[in-house]
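Biologist: Could you take me through the open sheet in this predicted model, strand by strand, and then show me what lies around the sheet? I'm new to this, so please keep it plain.

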Amino acid sequence: MDVVHIIFAQDNHVLLGYRENTRHLSDLWGLPSGRVEPNESPAQAAIREAKEEVGVDVTSLSLICDIFDENDGLCHYVFYCHEWQGELHNAEPHLCREIRWYPFDTLPSNCTSVTYPAINHFVELQSTSTH
């Protein structure tokens with residue numbers, strides 16, 4: 001199964017969650033994310049995971065990159081959520097200790113392996129689209 005990650009960004013900050021009590025990558029910061037279920041597209045999975053993890057309804061979403069991780073053999077689809085309805089909050093406190101906004105250039109040192117390249121790619125796309 002593949003995995004989706006969702007970037008929520010505002011004011012040069014990105015939303016990360018501190019994962020805990022998870023079977024995989026516990027005790028690390030990461031983007032809201034989850035596995036793509038059978039018969040579900042990556043975009044559908046991203047919309048579902050946004051609701052499950054941070055309690056919002058996605059109204060505008062775009063795929064910005066996919067990253068193949070040789071360590072786990074999975075394709076990680078990275079989406080940018082342009083717009084959403086509702087207030088972002090920790091909707092899975094049993095799996096996430098907290099959510100927090102971090103500046104793009106000051107990410108925590110203990111993030112999941114996909115978090116850094118995903119955010120770096122997003123920042124590069126933003127800088128090229130504003131020039």
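**A walk around the sheet**

Modeller: Sure! The protein chain has two helices and eight strands. Reading from the N terminus, those elements come in the order β-β-β-β-β-α-β-β-β-α. Keep in mind that this is a predicted model.

Now to the part you asked about. Four of the strands make up an open sheet, lined up as E5-E1-E7-E6, and their pairing is mixed. At the edges you'll find strand E5, residues 33-35, and strand E6, residues 57-69; each has a single partner strand, so one side of each goes without a neighbour in the sheet. The sheet isn't flat either: going from one strand to the next, the twist averages 25 degrees.

Let's start at the E6 edge. E6 runs antiparallel to strand E7, which covers residues 74-85, and 11 bridges join the two. You can pick out some of these pairs by eye. Val58 has Trp84 in E7 as its bridge partner, while Phe68 is matched with Cys75 in E7. E6 and E7 form a hairpin, with four residues between them. Look for Gly73 in that turn: its phi is positive, at about 70 degrees.

Next, step across to the other neighbour of E7. E1 pairs with E7 too, but in the parallel sense, over five bridges. One pair to find here is Val4 and its bridge partner in E7, Tyr77. Parallel here and antiparallel with E6: there you have both senses of a mixed sheet. While you're following a strand, here's a handy rule: side chains in a regular strand alternate between the two faces of the sheet.

Then come the helices. Helix H1, residues 42-54, lies across E1 (3-7), E5, E6 and E7, and it runs at about 60 degrees to E1. Helix H2, residues 115-129, lies across E1, E6 and E7, at about 115 degrees to E6.

Some of these pieces also help line the largest pocket, which has a volume of about 770 Å³. Its lining takes in 35 residues, and the ones nearest its centre are Arg19, Thr22, Ser33, Gly34 and Glu53. The elements that give two or more residues to this lining are E1, strand E3 (13-19), E5, H1, E7 and strand E8 (96-103). H1 provides the largest share, with five residues. Sorted by class, the lining has 10 nonpolar, 14 polar and 11 charged residues.

Finally, zoom out to the protein chain as a whole. Its C-alpha atoms fill a box of roughly 40 × 30 × 30 Å along the principal axes. A compact globule of 131 residues would have a radius of gyration near 14 Å, and the protein chain has 14 Å, so the two agree.

How values were computed: Residues are numbered from 1 along each chain as its sequence is written. This is a predicted model: local features need pLDDT of at least 70, side-chain atom pairs count only at pLDDT 80 or more; totals for chains, interfaces and linings use all residues. Side-chain values use heavy atoms; hydrogens and water are left out. Two strands pair if DSSP finds at least two bridges between them. Axes are lines fitted to C-alpha atoms, for helices over the stretch in contact, and angles run from 0 to 180 degrees between N-to-C directions. Contact means heavy atoms within 4.5 Å. On a 1 Å grid over the protein atoms alone, a cavity is a set of points where a 1.4 Å probe fits but cannot get out, and a pocket is an open set with protein on both sides within 12 Å along at least five of seven lines; lining residues have an atom within 4 Å of a point. Grid points are joined across faces, edges and corners, and a volume is the space filled by probe spheres set on the points. Ala, Val, Leu, Ile, Met, Phe, Trp, Tyr, Cys and Pro count as nonpolar, Asp, Glu, Lys and Arg as charged, and the others, Gly among them, as polar. The radius of gyration is taken over C-alpha atoms; the globule rule is 2.2 Å times the number of residues to the power 0.38.
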